[in-house]
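Hi,

Here is the structure I promised to pass on. Have a look first, and my notes follow underneath.

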Amino acid sequence: EGRWIHLSGSVFADFDRGMHICPIVHDPTYPVIAAVDPGYRRPAVLYAQEIKWCSVHNAGNCIHILDEDLPDNCPTIKLARIMSQRYRRENWRRGPVYIDPAGASRSVQVGWSDIELIEAEGFNNVIFTTDPADRFIPAGIEVIRGKLKNAAGRTSLYISDALEGNKRGIIAALTRSEYPEKKANGHIDDNPIKDGEIDHIRVALRYMLVNLYPIGGRVNIA
């Protein structure tokens, strides 16, 4: 039926479409958090809620991914406006926005940082971490894997079935992310293959989860 299957080099071998993709209903008692991977060519925004105790999935700190924005050729000033319009349209309560610490650097072209542009649209809690442990890509990948299936075999990350079919979306990223083949000298790279289509939304999810569940135990707020 045209479904992707996991191969031997899959990054997220525990991702199960039948388990992790399901109807998700916005819960107005919780804010909607966002994770942003800015960049003109293919930026990505992921919207989710962290449910402290989810009776639907019988899980604590359960992440419900509600939606995503994946525009092409979109500067951050426009992306921030898209985010603001999304919150107003959906009547979502604004929660924290998680972003790469590089977003604090000011652009030579516009004189403003990505964080400042997002804050200008009314997002008052833009968070990033500079802790090396949390920024280490393989460690962040492990945090994602732990939410998909922890050591006890429990899942605490679910994705709205409305996101099926987005070729640059989070479902595609979790399905298609692969590791490079082992090199002739025996070296094994622990970083997923860079793919222009799915890198950005996967990075956004990693930013979100390492800030919610910091490995290094220290979070910086912009």
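**Cysteines and two asparagines**

Let's start with Cys54: at 3% relative accessibility, this residue counts as buried (buried is under 20% relative accessible area, exposed over 50%, partly exposed in between, with a 1.4 Å probe and protein chains only). Before going further, note that this is a predicted model, where local features need pLDDT of at least 70, side-chain atom pairs count only at pLDDT 80 or more, and totals for chains, interfaces and linings use all residues. Residues are numbered from 1 along each chain as its sequence is written, and side-chain values use heavy atoms, with hydrogens and water left out.

How many disulfides does the structure hold? Zero, taking a disulfide as a pair of cysteine sulfur atoms within 2.5 Å. Cys54 is in no disulfide, and its nearest cysteine sulfur belongs to Cys62, 4.1 Å away. Cys74 is buried too, at 1% relative accessibility.

Now the backbone. Most residues other than glycine have a negative phi. Asn61 isn't a glycine, yet its phi is positive, about 50 degrees. Where does Asn61 sit? You'll find it in strand S4, residues 59–69 (helices, H or I of at least four residues, and strands, E of at least two, are DSSP runs numbered from the N terminus). Asn61 is partly exposed, with a relative accessible area of 32%.

Asn73 also has a positive phi, about 50 degrees, without being a glycine. Asn73 lies in the loop between S4 and helix H2 (76–90), and is partly exposed at 40% relative accessible area.

Cheers
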